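Thanks, everyone. Please pull up the sequence and the structure, and I'll walk you through the strands, the loops and the cavities.

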Amino acid sequence: RRQFLVVMGAASASITVVGTGLAAVLARSEELRRLAQLDEGMAHQTESPKGMQLPNQDDPVSPAPGTRPEYTPLKDHYKVFIEVEPTKIDGSTWMLPISGLVDNPLLLTVEDLRNNYPARSQYVTLSCISGRVGTSLIGTTLWEGARVKDVLADAQLQPGARYLKINSGDGFHESVDLELIMADERIMFCYDWDGNPLPDDHGAPLRIWIPDRYGMKQPKWITSIEVTDEYQQGYWVERGWDETAQVKATSVIDTVAVNAAYETGGRQVVPVGGIAFSGDRGISKVEVRMDGGDWQEAMLRSPLSETTWVIWRIDWPFEPGAHTWEVRCLEAEGTPQIEQESKARPAGSTGIHAREAEL
């Protein structure tokens, strides 16, 4: 059986897991990481790569103190490997063959992708299907690459072409429907993260990004692409995970900022905040309640893009004692997140996230 390595940023250690115990270890590791981050008092980050200001820097809604950074520091972005160590590919000699049902087979270097195709940049939140409700297996960074559509246009697809079979240097593979690619210009072959060449442990020299899908559908360390008329189940689908792997809407309470309580309108309030995410489907509302009471609407900060999480905040009237807060969200079109609890396997976890605190 394969081994899995889970790396969840500087706040926690690397973990190696054998077989199907991955989800349980992920859950335990997430909680350790969350506690470590709270201890560190994570500051809100307002700068993207190379010191550029984030596109929503002037938004009047500021995150509640203790909310995870809106833009994830690269050292804290989660990683999942199917081998004991991340795959390493020599980018100076790497070439990408695109073959199969094409009239013009291609053999591309990273520089070919950089120089011969218009670059596309996108702020992206990526999440892991293995994460439980309240997951820390999620992060937001700036992706840059070449549109897959543009590259395939040069390959000249034949009439019978229906899928891309993408192979990776770690033995991973995935099939991507060409109808999906042709319908979405955002899908890219990514070579840069955070304004710099893609790191080795995040898939260098090339990975693909597909909006609204969990990371399990998005190969890293790409070594070859075959255009075919036959569908083949991907690596994780063969192992019992969902075939579509569409991101489930989720909302998380990152912080009940007891130490940041302040007075307004003659009474004390406590900032409560976190994130909400639904792939590329947007968030229209986040609601919070305390101790099973009425749901109250939170303030939403403008997202970095239509494919990132939303930071939310609500300033809760102070009431002494031990309390429990819960959160839920609605997608942009009004679809509520699924409140019924379900485990991550096979299609992603669902349920209401809760946090306890003593005021």
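Start at Ala-322. Ala-322 stands opposite Glu-358, a residue of E22. This is a predicted model, by the way. Strands E21 and E22 run antiparallel, and six bridges join them. Now widen the view. Which strands make up this open sheet, and in what order? There are four, ordered E18-E17-E21-E22, and the pairing is antiparallel. The edges are strand E18, residues 296-297, and E22. Each of those edge strands pairs on one side only.

Stay with E21 and E22 for a moment. The loop between strand E21, residues 322-331, and strand E22, residues 353-358, holds Pro-346. Look at the bond before that proline. Arg-345 and Pro-346 are joined by a cis peptide bond, with omega at about 10 degrees.

There is another cis bond to look at. It joins Ala-204 and Pro-205, and omega there is about 5 degrees. Where does Pro-205 sit? In the loop between strand E11, residues 196-197, and strand E12, residues 207-209.

Next, the five-stranded sheet. It is open too, with the order E5-E4-E13-E8-E9. Here the pairing is mixed. The edge strands are E5, residues 106-108, and E9, residues 173-177, and each of them pairs on one side only. On average, neighbouring strands of this sheet are turned by 20 degrees against each other, direction ignored.

Let's walk across the sheet from the E5 side. E4 and E5 form a hairpin, with five residues between the two strands. Their pairing is antiparallel, over three bridges. For a landmark, take Pro-97, which stands opposite Leu-107 in E5.

One step on, the sense changes. E4 pairs with strand E13, residues 222-228, in the parallel sense, again over three bridges. Ile-98 stands opposite Ile-225 in E13. So we have Pro-97 facing E5 and Ile-98 facing E13. A general reminder on strands: in a regular one, side chains alternate between the two faces of the sheet.

Now the far end. Strand E8, residues 163-168, runs antiparallel to E9, and five bridges join the two. Lys-165 stands opposite Ser-175 in E9.

What lies across this sheet's strands E4, E5 and E8? Helix H3, residues 148-155. H3 runs at about 135 degrees to E5. Follow the chain out of the helix. Gln-156 is in the loop between H3 and E8. Check its backbone: Gln-156 is not a glycine, yet its phi is positive, about 60 degrees.

On to the empty space. The idea is simple: rolling a probe the size of a water molecule over the atoms shows where empty space is left. How many cavities of 30 Å³ or more does the count give? Four. The largest cavity holds about 350 Å³ of space.

Who lines that cavity? The lining has 26 residues. Nearest its centre lie Val-80, Gly-215, Met-216, Lys-220 and Trp-236. By element, strand E3, residues 79-81, gives the most to the lining, with three residues. What is the chemistry of the lining? It divides into 15 nonpolar residues, six polar and five charged.

Last, confidence. The mean pLDDT of the protein is 89, and 87% of residues reach 70 or more. Now look at the N-terminal end of the numbering. Residues 1-43 have pLDDT below 50. In the model, that stretch nonetheless has 95 contacts beyond near neighbours in sequence. Keep both numbers in view when you look at that stretch.

To recap the sheets: E18-E17-E21-E22 is antiparallel, while E5-E4-E13-E8-E9 is mixed. The prolines after the cis bonds I showed are Pro-205 and Pro-346. Over to you for questions.

Methods. Residues numbered from 1 in each chain as written. Predicted model: local features only at pLDDT ≥ 70, side-chain atom pairs only at ≥ 80, totals over all residues. Heavy atoms only, no water. 1 Å grid on protein atoms, 1.4 Å probe; cavity = no way out; pocket = protein on both sides within 12 Å on 5 of 7 lines; lining within 4 Å. Points joined across faces, edges and corners; volume = space filled by probe spheres on them. Nonpolar A, V, L, I, M, F, W, Y, C, P; charged D, E, K, R; others polar. pLDDT = per-residue confidence, 0-100. Contact = heavy atoms within 4.5 Å. Pairing = 2+ DSSP bridges. Axes fitted to C-alpha atoms, helices over the stretch in contact; angles between N-to-C directions.
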